[in-house]
Amino acid sequence: MLIKRGQILEGVVKGITQFGAFVELPNGSVGLVHISEVAEEYVEDIKKYLKENQTVKVKVINVKEDGKISLSIKRAKETMKRENKTKRANDDFEAKLSKFLKDSNQKLSEYNKRFDGKRR
């Protein structure tokens, strides 16, 4: 599996340090989530947010030529929120369109009933 920038993957926290956490990705490679990329708020103690062997969703920020992978938990959450918001907007549109068609068909059939009786 090739790791590309921008991907959202699920990984397992394998190690925690003062400056971040090492996360093992599905292909077996390990990337670093810097402490500043763990949460939106200031993180003083990373162990309050992450535990070893915890499964987390991460976004690949960068893959360097030497193989080092930079990851972010907070950006993965932001991206997933944005995708869910877009999906909800599409679902809302589909629901509105469906309701409009149903109402329109109902009004059309009532209209046809009214005028069919007058034409005879």
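Which residue in β3 does E24 stand opposite? Hold that thought for a moment while I set the scene. Good morning, everyone. What we have on screen is a predicted model, so please read everything I say as a description of that prediction.

Back to my opening question. The residue facing E24 is V30, in β3. That pair belongs to the contact between β2 and β3, two strands that run antiparallel and are joined by five bridges. As a reminder, strands of a sheet pair through backbone hydrogen bonds, and they can do so either parallel or antiparallel.

Let's look at how β2 and β3 are connected. They form a hairpin with five residues between the strands. If you click on G28 in that hairpin, you will find a positive phi near 95°.

Now step back along the chain to β1. This strand covers residues 8-16, and β2 covers residues 20-24. The two pair in the antiparallel sense, over four bridges. One pair to find on your own screen is I16, whose bridge partner in β2 is A21. Here, too, the link is a hairpin, with three residues joining β1 to β2.

So far it has been antiparallel, but β3 has another partner. Strand β3, residues 30-34, runs parallel to strand β5, residues 69-72, and two bridges join them. Look for V33, which stands opposite L71 in β5.

What do the strands build together? Five of them close into a barrel, in the order β1-β2-β3-β5-β4, with mixed pairing. From one strand to the next, the twist averages 55°.

How does this fit with the annotation? UniProt, in an unreviewed entry, places the feature "domain: S1 motif" at residues 6-74. Over that stretch the model is 46% strand and 3% helix. The C-alpha atoms at its two ends are 13 Å apart.

My last stop is the largest pocket. Its volume is about 240 Å³, and 14 residues line it. Nearest its centre lie V38, A39, I73, K74 and K77. Which elements supply the lining? Both β4, residues 55-63, and α1, residues 73-119, give at least two residues each. The biggest contribution comes from α1, with six residues.

And what sort of residues are they, by class? The lining has seven nonpolar and seven charged residues, with no polar ones.

To wrap up, please keep two pictures in mind: the five-stranded barrel with its mixed pairing, and the largest pocket, to whose lining α1 gives the most. Thanks for listening, and I'm happy to take questions.

Definitions and conventions
Residues are numbered from 1 along each chain as its sequence is written. This is a predicted model: local features need pLDDT of at least 70, side-chain atom pairs count only at pLDDT 80 or more; totals for chains, interfaces and linings use all residues. Side-chain values use heavy atoms; hydrogens and water are left out. Two strands pair if DSSP finds at least two bridges between them. Axes are lines fitted to C-alpha atoms, for helices over the stretch in contact, and angles run from 0 to 180 degrees between N-to-C directions. On a 1 Å grid over the protein atoms alone, a cavity is a set of points where a 1.4 Å probe fits but cannot get out, and a pocket is an open set with protein on both sides within 12 Å along at least five of seven lines; lining residues have an atom within 4 Å of a point. Grid points are joined across faces, edges and corners, and a volume is the space filled by probe spheres set on the points. Ala, Val, Leu, Ile, Met, Phe, Trp, Tyr, Cys and Pro count as nonpolar, Asp, Glu, Lys and Arg as charged, and the others, Gly among them, as polar. UniProt positions are given in the numbering used here, feature names are shortened, and annotations may be inferred rather than shown by experiment.
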